[in-house]
Amino acid sequence: MVHSSLSARRRDGLLDALRRGTVPAESLDMLAVGLTRMAPTLEQELDNVATGRGLFKAVRGDYGSGKTFFARWLQETASQRGFVTSEVQISETETPLHRLETVYRRLIENLSTRDTRRGALRSIIDGWFFTLEEEVLADETNAPADEAELLERCNALMQRRLRTVSEQAPSFAACLRGYRDALARGDNEVADGLIAWLSGVPNVAAGIKRAAGIKGDIDHFGALGFLTGLLSVVRDSGQGGLLLVLDEVETLQRVRGDVRDKGLNALRQWMDEIEQGRFPGLYLLITGTPAFFEGHNGVQRLPPLAQRLHVDFTTEQRFDNPRAVQIRLANFNGERLLEVAVRVRDIFASAAESPERVMALADDAYLQQLADAMTGELGGKVGITPRLFLKKLVADVLDRIDQFPDFDPRRDYALTVVDTEMTAVERNAARATGVDDIELPS
């Protein structure tokens, strides 16, 4: 039986996510078919970023090609290499790309480490202060006399580490110092408030901000300075760096022209400042459709950005360069769909009551039959099949084989797909005859 080394927790989490029709939070390497060719290059890029470089990467793919899966898989890969990760869904109303203060707030909300799935800012900062304390205490020739001197020397060390950041965002270091002081005197209300302010939460009480000598809220320009500060803390606390995913940037195509131009210019600004070394330790990944990168309402609207992101995709896809600034994902095909189905079946069987029965009733021939049926239900479009297919495979077929001794999927199960279980994009894509027919929800 394959995948026997997969822990029960990881296996159950993966299968539960597939039952719900969502991308699993971890163990994505078990499902990552078709990505092995790019993996060595991406891992090398992460290693380069961990040395203090910054890197910008764009991934393009049609609807159903697995852009979100790819982004989550890369986040898991980065996390295993000691990176902090965050994913921000760009949206027209809630998180517009040109509102960098909002992007920063969402980044912090979704900040994750291997130990903390979301909202990891406080644990990262506390870990950093612990590192500073250890460094001060390691000085055997000048050990601090008491807690007050330890706090003072840690603050001085913090200021030295953040000197460059303080030139761009002096409030960042002031907030950290105020947070540290609040913890030292046991004032949890002020400490909590300062973490909230540092996270980009607006309207923090004036008294809390006064305690740290700061004022106002984080604005568009301050957000970039605070990101620099965050990167300094992340790397100084022993983390590899920050992988930030900006997902669904193609939503820029649907906004007003002036807003679209601001968003595209924000992307250009990100690229230029990463190239200039402003964000050491940042790996920034954006995802979008080919129409976003090639269409007149997307990247091509801003020539400087189009020039920076241009990659020649006229050659065969097997010759694509994974080192390029922009990479493309291959659409799911029947072979890849069967491969991932076999992996899921094997993972499920490894913990089933009767693994032999699961393997016999859901053999490769039946999996192929089920995949063909699902593809037929969705108008022959394999690219939009995987999510629904895996959901039905686990919840409708494998679970029933495991629970009901007399269940035979060939005899007792007929696959059906109804509109209500599909996303709006899946419904439109299933009915579309071409990419131009796919209508996105507003």
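**Close-up views of a predicted model**

**View A. Phe292 is buried, as is Phe293, in a view of aromatic ring pairs.** The model shown here and in the other views is predicted. Applying the ring-pair criterion to the structure gives 8 aromatic pairs. One of them joins Trp128 and Phe129; this pair is classed as tilted because the ring centres are 5.5 Å apart and the planes meet at 40°, whereas an edge-to-face pair requires over 60 degrees and a stacked pair under 30 degrees. Trp128 is buried, its relative accessible area being 0%, and Phe129 is likewise buried, at 4% relative accessibility. Phe292 and Phe293 make an edge-to-face pair, with 5.2 Å from centre to centre and 70° between the planes. Elsewhere, ring pairs connect Tyr104, Phe172, Trp197 and Phe226 as a cluster.

**View B. Arg60 lies in strand β1, which comprises residues 55-60.** With a relative accessibility of 9%, Arg60 counts as buried, since the limit for that class is under 20%. The side chain of Arg60 forms a polar contact of 2.8 Å with the side chain of Gln326. Beyond residues up to four places away in sequence, Arg60 touches Lys67, Gly288, Pro290, Phe293, Glu294, Phe313, Gln326, Ile327, Arg328 and Leu329. Phe293, one of these neighbours of Arg60, is also a member of the edge-to-face pair with Phe292. For orientation, the C-alpha atoms of Arg60 and Asp408 are 40 Å apart in space, and the two residues are separated by 348 residues in sequence.

**View C. Glu101 is located in helix α4, residues 100-109.** The relative accessible area of Glu101 is 14%, so this residue is classed as buried. A polar contact of 2.7 Å links the side chain of Glu101 to the side chain of Arg99. Leaving aside residues up to four places away in sequence, Glu101 touches Ile218, Asp219, His220 and Ala223.

**View D. Helix α4 is mostly covered, with 9 of its 10 residues buried.** The buried residues of α4 are Leu100, Glu101, Thr102, Val103, Tyr104, Arg105, Arg106, Leu107 and Ile108. Their cover includes the strands β2 (84-89) and β3 (242-247), together with the helices α5 (121-137), α9 (188-198), α11 (220-236) and α12 (257-275). Tyr104, among the buried residues of α4, belongs to the aromatic cluster with Phe172, Trp197 and Phe226.

**View E. Helix α18 has a kink of about 30°, centred on Leu393.** The helix runs over residues 386-403; at 1.5 Å a residue its 18 residues should span 26 Å, and the end C-alpha atoms are 24 Å apart, in agreement with that expectation. Leu393, at the centre of the kink, is itself buried. The other buried residues listed for α18 are Pro386, Leu388, Phe389, Leu390, Lys392, Val394, Asp396, Val397, Leu398, Asp399 and Ile401.

**View F. Cys154 and Cys175 have their sulfur atoms 17 Å apart.** A disulfide is a covalent bond between the sulfur atoms of two cysteines. The closest cysteine sulfur to that of Cys154 is in Cys175, too far for a bond because the criterion is a separation within 2.5 Å. For Cys175, in turn, the closest cysteine sulfur is that of Cys154, again too far for a bond at 17 Å. The count for the structure is accordingly 0 disulfides. Cys154 is buried, with 1% relative accessibility, and Cys175 is buried with a relative accessible area of 1%.

Definitions and conventions: Residues numbered from 1 in each chain as written. Predicted model: local features only at pLDDT ≥ 70, side-chain atom pairs only at ≥ 80, totals over all residues. Heavy atoms only, no water. Buried < 20%, exposed > 50% of the residue type's maximum accessible area, 1.4 Å probe, protein only. Helix = DSSP H or I, 4+ residues; strand = E, 2+ residues; numbered from the N terminus. Expected span 1.5 Å × (residues − 1). Bend = angle between axes of the 7 residues up to and from the residue. Phe/Tyr/Trp six-rings, centres within 6.5 Å; stacked < 30°, edge-to-face > 60°. Polar contact = N/O pair within 3.5 Å; in protein donor to acceptor, adjacent residues only side chain to side chain. Contact = heavy atoms within 4.5 Å.
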